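Biologist: I'd like to learn how to read a structure like this without getting lost. Could you walk me through it?

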Amino acid sequence: MKIWKKGSMDKTGSLSLLVVIGVIMAGLFAPLLAPHDPLAVQMSLRYAGPSWEYLLGNDQLGRCILSRLIYGIRPSVLAVLVVLLFSVLIGAVLGFAAGYFRGRIDTWIMRICDVVLSFPGYVMTLAIVGILGVGLENILIAFVLTKWAWFARVIRTSVLQYTEQDYIRFARATGMRHGQIIRRHVIPVTFADIAVVASSSIGAMILQISGFSFLGLGIQAPQAEWGMMLNEAREVMFTRPEMMLPPGMAIVIVVSAFHFLADSLQVALDPRLRQSGVQHDRQPEHKEVPVRL
Amino acid sequence: MLHIQNVEKSYRKSGLLAKRSEKVLHGVSFSCHDGECLGIIGESGSGKSTLGRLILGIEKPDHGAILLNGQPIAQRQVRRGQISAVFQDYTSSINPFFTVEQAIREPLDGDGRSRADHGRRVDELLEQVGLSPAYRTRYPHELSGGEAQRVCIARAVANRPRYIVLDEAISSLDVRVQVQVLHLLQELQSVYGMGYIFITHDIQAAAYMCDRMIIFRKGQIVETIDTDRLREVQSDYARTLLGATIII
């Protein structure tokens, strides 16, 4: 990709990218990285503080918090990313079709979106889980089924404002294919909007998954999941407030990393926002207007 | 030859309760010869830009036909390499993510020549429109209005089309640059010999550029007249238009 060659990603962006890649890797290789079995109960170490053996301490059942955090990446981050990928993909295809071609396709897609969006998100997800059965996979399927409409709508709006631009008219007039126009002219300019929307929904999704886990519909009890860890810590909020820190910080760090990454990607891709490069001196063609009549 | 035959177009306006459609073009017919500069003059809202979009094949007429060498222009393959355009708003005419070079290369894509050939052509085109090859790496937001419009003109002539639709192409430039761009367009016409369809509200600029003019009002052709016989216009509307220009 050309952004890496240009090296135009700023420091925050590079750091966020490192964090994101690091977290994803840690999740994928959790069994190798985790110092202990995340499910091993040791009641003697109940609420133990950080030690060299258990870097982040132990929870209410004496389980290693660090290992649980690392294993928790899988449902909390990896699963959310997969859901995001699918719902953004569906949303993008339909949003591009609706915004670019307009007319009847647009009307149909948007009415279907209206129907999907008219149910409150939680209720719809609950209903789908009720039909499919309890489990993380079913929650993820339910998420994809309820979230795509929102993405489709946002992406359509973004596409709509660009399809009326003259450079797209020019491309159409000169006989370029629709697919090519979308690929060359529409996707790059709408990418920023898509990235921002996608990254802002990551945080909400992590919390929703934990919400369903709390209701006993998602991750089942002994398995580690960030939202659930936070929920377990909530019970001892006043006696041991430090228990909330590891899962809370993990969520905050991951969510902000995605936000910052989306922000600096936007800057790196848009030449108007990019600071690097030589400032050309413009010819002041506008300023002096010596009209001789 | 470009034939516009009895073209009608209406747009639907959705009101609070009922939808009503407003007719923008009423049975417009004319033709444009190869290498001719044909002016379409009308006030804003007269439907001349709609006509421009129809000629470019971006929209389809409700009735009638627009034919380029006997084939319908709405087909992509018919337009390919034959027709091109320069628009009024130079700020949105070039993709903000493209450099000047990428923008000019765009219509050259897929003509079977090598990248190096295209590179040379870009240099040649920049020179023809009076810009130095150093502009190749610039982005549209780094260009002034006149420069951006020159780039648009270079892009429009890049694949040597047969017709170029100039939709208010000089209207948003300041007066001095307007004159420069008009000269440039005339020079390019003598080099490439393409036909211009010059859509404008500025009857002076049209008189300067065009061989023939169509006076357009409320979606209809009021009068068609050769530029050298402009003083002999018959219709009242054309006379008021002529009278309305400030004679310097």
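Modeller: Sure, let's begin with what is packed inside. In this predicted model, buried residues account for 42% of the 248 residues in chain B. For chain A, the share of buried residues is 38% of 293.

Biologist: What helices and strands are there in chain B?

Modeller: Chain B has 8 helices and 10 strands. Its radius of gyration is 19 Å, close to the 18 Å that the globule rule gives for 248 residues, so chain B is as compact as a globular protein of that length. If you prefer a box, the C-alpha trace of chain B spans about 50 × 45 × 40 Å along its principal axes.

Biologist: And which elements make up chain A?

Modeller: Chain A has 11 helices and 0 strands. Here the radius of gyration is 24 Å, well over the 19 Å from the globule rule for 293 residues, so chain A is more spread out than a compact globule. The C-alpha trace of chain A spans about 95 × 50 × 35 Å along its principal axes.

Biologist: How do I tell what share of the contacts joins residues at least 24 apart in sequence?

Modeller: You take contacts between residues at least 6 apart in sequence, then ask what share joins residues at least 24 apart; in chain A that is 67%. The corresponding share in chain B is 68%.

Biologist: Before I trust any of this, how confident is the predictor in chain A?

Modeller: Look at the pLDDT, the predictor's confidence in each residue, from 0 to 100. Chain A averages 84, and 90% of its residues score at least 70. Be careful with residues 276-293 of chain A, where the pLDDT is below 50; in the model this stretch still has 21 contacts beyond near neighbours in sequence. Chain B averages a pLDDT of 88, with 96% of its residues at 70 or above. For the complex, the predictor gives an ipTM of 0.89 and a pTM of 0.81.

Biologist: So how many residues of each chain are in contact with the other?

Modeller: 25 residues of chain A are in contact with 33 residues of chain B. On the chain A side, helix H8 (166-173) and helix H9 (178-214) each supply at least two residues. The largest share there, 7 residues, comes from H8(A). By type, the chain A side divides into 11 nonpolar, 7 polar and 7 charged residues.

Biologist: Now a single helix. How do I check the length of helix H2 of chain A?

Modeller: Compare the expected span with the end-to-end distance. Helix H2 of chain A, residues 11-28, has 18 residues, and at 1.5 Å a residue it should span 26 Å; its end C-alpha atoms are 26 Å apart, which agrees.

Biologist: Which residues of H2(A) are buried?

Modeller: A:Gly13, A:Ser16, A:Val23 and A:Gly27 are buried. They cover an arc of only 95° around the axis, so they sit on the same side of H2(A). Facing away from that buried side are the exposed residues A:Lys11, A:Leu18, A:Ile21, A:Gly22 and A:Met25.

Biologist: What covers the buried residues of H2(A)?

Modeller: The cover includes helix H3 (30-33), helix H4 (65-101) and helix H11 (245-269) of chain A. A:Ser264 is a residue to click on in helix H11 of chain A.

Biologist: Why is A:Ser264 called buried?

Modeller: The cut-off is 20 or more other C-beta atoms within 10 Å, and A:Ser264 is buried because it has 22. The C-alpha atoms of A:Ser264 and A:Thr12 are separated by 7.6 Å, although these residues are 252 apart along the chain.

Biologist: Last one: what should I look for in phi?

Modeller: Most residues other than glycine have a negative phi. In this model, B:Asn6 has a positive phi near 50° and is not a glycine. B:Asn6 lies in strand E1 (residues 2-14) of chain B, and it is partly exposed, with 13 other C-beta atoms within 10 Å. B:Arg160 also has a positive phi, about 50°, and is not a glycine either. You'll find B:Arg160 in the loop between helix H5 (145-157) and strand E7 (163-167) of chain B. B:Arg160 is partly exposed, with 14 other C-beta atoms within 10 Å.

Terms used: Residues are numbered from 1 along each chain as its sequence is written. Chains are lettered from A and ligands numbered from 1 in the order in which they are written. This is a predicted model: local features need pLDDT of at least 70, side-chain atom pairs count only at pLDDT 80 or more; totals for chains, interfaces and linings use all residues. Two residues are in contact if their C-beta atoms, placed from the backbone, lie within 7 Å. Helices (H or I, at least four residues) and strands (E, at least two) are DSSP runs, numbered from the N terminus. Ala, Val, Leu, Ile, Met, Phe, Trp, Tyr, Cys and Pro count as nonpolar, Asp, Glu, Lys and Arg as charged, and the others, Gly among them, as polar. The expected span of a helix is 1.5 Å times one less than its number of residues. A residue is buried if 20 or more other C-beta atoms lie within 10 Å of its own, exposed if 12 or fewer, and partly exposed in between; C-beta atoms are placed from the backbone. The arc is that of the directions from the helix axis to the C-beta atoms. The radius of gyration is taken over C-alpha atoms; the globule rule is 2.2 Å times the number of residues to the power 0.38.
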